[in-house]
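Welcome! Please take a moment to look over the sequence and the 3D view before reading on.

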Amino acid sequence: MAKVAPFHSIKLNTRNVHHNNDKCTEGNNIEVQNKRSGSAGRPLCESCSKLP
Ligand SMILES: [Zn+2]
C-alpha cells in the first residue's frame, strides 16, 4: 500500500495535478518547501493513478 494523503506542489512551473502515491517519481521530486498537503482541487497525476 503506497497510497498517501493527497499532496501537491506550489511551484509555478509544475503541472497542475496532485499526487497521492509515495512511489510517484514526480511527487517525490517536489522539494519539501514546495510541498503542500491536499489536492488543491487539481486532478490526480496520471503516474499516481497507474501505480498500485
Ligand atoms: Zn504523482
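Here is a short tour, from the overall build to a few single residues.

## The overall build

Please keep in mind that this is a predicted model. The protein contains two helices and three strands. If you follow the chain from the N terminus, its elements come in the order β-β-α-β-α.

How far does the protein spread in space? Along its principal axes, the C-alpha trace spans about 30 × 20 × 15 Å. The radius of gyration is 10 Å, which agrees with the value near 10 Å that a compact globule would have with 52 residues.

Two further numbers describe how the chain packs. Of the 52 residues, 19% count as buried. Among the contacts between residues at least 6 apart in sequence, 55% join residues at least 24 apart.

## The sheet

In which order do the three strands lie in the sheet? The order is 2-1-3, and the sheet they form is open, with antiparallel pairing. Strand 2 (19-21) and strand 3 (35-37) are the edge strands, each of them pairing on one side only. On average, neighbouring strands of this sheet are turned by 40 degrees against each other, if direction is ignored. As a general point, strands of a sheet pair through backbone hydrogen bonds, and the pairing may be parallel or antiparallel.

Strand 1 covers residues 3-9 and is joined to strand 2 by two bridges, with the two strands running antiparallel. You can find this pairing in the view by looking for F7, whose bridge partner in strand 2 is H19. Strand 1 also pairs with strand 3 in the antiparallel sense, this time over three bridges. Here S9 is a handy landmark, as its bridge partner in strand 3 is K35.

## Just before the sheet: A2

Now for some single residues, starting with A2, which sits in the segment before strand 1. Is A2 buried or exposed? A2 is exposed, because only 11 other C-beta atoms lie within 10 Å, and a residue counts as exposed with 12 or fewer.

Which residues does A2 touch, leaving aside those up to four places away in sequence? They are N21, D22, K23, L51 and P52. Of these, N21 belongs to strand 2, which covers residues 19-21. A2 and G27 are 25 residues apart along the chain, and their C-alpha atoms are separated by 12 Å.

## Two loop residues: T14 and A40

T14 is found in the loop between strand 1 and strand 2. With 13 other C-beta atoms within 10 Å, T14 is partly exposed. You may like to locate I30 as well: T14 and I30 are 16 residues apart in sequence, and from C-alpha to C-alpha they are 9.1 Å apart in space.

A40 lies in another part of the chain, in the loop between strand 3 and helix 2 (46-50). What is the phi of A40? A40 has a positive phi of about 60 degrees, although A40 is not a glycine. A40 is partly exposed, because 14 other C-beta atoms lie within 10 Å, and this count falls between the 12 or fewer of an exposed residue and the 20 or more of a buried one.

Conventions
Residues are numbered from 1 along each chain as its sequence is written. This is a predicted model: local features need pLDDT of at least 70, side-chain atom pairs count only at pLDDT 80 or more; totals for chains, interfaces and linings use all residues. Helices (H or I, at least four residues) and strands (E, at least two) are DSSP runs, numbered from the N terminus. The radius of gyration is taken over C-alpha atoms; the globule rule is 2.2 Å times the number of residues to the power 0.38. Two residues are in contact if their C-beta atoms, placed from the backbone, lie within 7 Å. Two strands pair if DSSP finds at least two bridges between them. Axes are lines fitted to C-alpha atoms, for helices over the stretch in contact, and angles run from 0 to 180 degrees between N-to-C directions.
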